[in-house]
Amino acid sequence: MAKIKAKLKQWLAMKTEDCKTVAPLFSYDLDRKLSLIEKLRVRLHLFTCDACLNYVSNLKFMHEVFHTQEENLENEKIHTTLTPEAKERIKEKLKAQSF
Ligand SMILES: [Zn+2]
């Protein structure tokens with residue numbers, strides 16, 4: 001069974017487009033809706049190409065990270081300033097070190 005799948009992959013790899021042609025569609029997938037044909041092209045290529053599959057999963061991960069970060073910024077969940085406790089601690093340290 002695994003052999004048949006491998007053969008099918010090989011055969012499909014010859015039929016489908018190369019990485020350079022399909023790659024631009026990967027980022028579109030995240031930015032906008034692809035047409036049915038484009039989706040099919042991407043799916044077919046990813047089925048046959050492990051390198052691109054890897055690339056897309058990285059791309060999706062990055063996209064999620066950036067998206068979450070953006071949301072956090074909007075909700076002001078990220079504290080870029082120090083907490084009052086941290087400020088106090090730094091002050092104490094500086095006092096202790098001064099002559
Ligand atoms: Zn590829």
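**A tour of a five-helix chain**

Begin by selecting helix H4, residues 50–74. Of its 25 residues, the number buried is one, so H4 lies largely in the open. The model on display is a predicted one.

Keep H4 selected and consider its extent. At 1.5 Å a residue, its 25 residues should span 36 Å, and the C-alpha atoms at its two ends are indeed 36 Å apart, so expectation and model agree.

Next, select Leu 53, which belongs to helix H4. Is Leu 53 buried or exposed? Leu 53 is partly exposed, because 13 other C-beta atoms lie within 10 Å, whereas a count of 20 or more would be needed for a residue to be called buried. Add Arg 43 to the selection: ten residues separate Arg 43 from Leu 53 in sequence, and their C-alpha atoms are 9.5 Å apart in space.

Now move past the end of H4 and select Glu 76. Just after the helix, this residue takes a positive phi of about 55°.

Continue to helix H5, residues 84–97. Its 14 residues reach 20 Å from the first C-alpha to the last, close to the 20 Å expected at 1.5 Å a residue. The number of buried residues among those 14 is zero, so H5, too, lies largely in the open.

Turn then to a pair of helices. Two packed helices are described by the angle between their axes and the distance between the axes. Select H1 (residues 2–15) together with H3 (residues 36–48): their axes come within 8 Å and cross at roughly 130°. That angle makes H1 oblique to H3. The crossing of the two helices is left-handed.

Which residues make this contact? On the H1 side, select Lys 9, Leu 12 and Ala 13; on the H3 side, select Leu 44, Phe 47 and Thr 48. By character, the residues of the contact of H1 with H3 comprise four nonpolar, one polar and one charged.

Finally, clear the selection and view the whole chain. Its secondary structure comes to five helices and zero strands, and from the N terminus on the elements run α-α-α-α-α. Of the 99 residues in the chain, 5% are buried. Among contacts between residues at least 6 apart in sequence, 59% join residues at least 24 apart.

How values were computed:
Residues are numbered from 1 along each chain as its sequence is written. This is a predicted model: local features need pLDDT of at least 70, side-chain atom pairs count only at pLDDT 80 or more; totals for chains, interfaces and linings use all residues. Axes are lines fitted to C-alpha atoms, for helices over the stretch in contact, and angles run from 0 to 180 degrees between N-to-C directions. Helices (H or I, at least four residues) and strands (E, at least two) are DSSP runs, numbered from the N terminus. Angles under 35 degrees count as roughly parallel, over 145 as roughly antiparallel, 65 to 115 as roughly perpendicular and the rest as oblique. A crossing is left-handed if the near helix is turned anticlockwise from the far one by less than a right angle, and right-handed if clockwise. Two residues are in contact if their C-beta atoms, placed from the backbone, lie within 7 Å. Ala, Val, Leu, Ile, Met, Phe, Trp, Tyr, Cys and Pro count as nonpolar, Asp, Glu, Lys and Arg as charged, and the others, Gly among them, as polar. The expected span of a helix is 1.5 Å times one less than its number of residues. A residue is buried if 20 or more other C-beta atoms lie within 10 Å of its own, exposed if 12 or fewer, and partly exposed in between; C-beta atoms are placed from the backbone.
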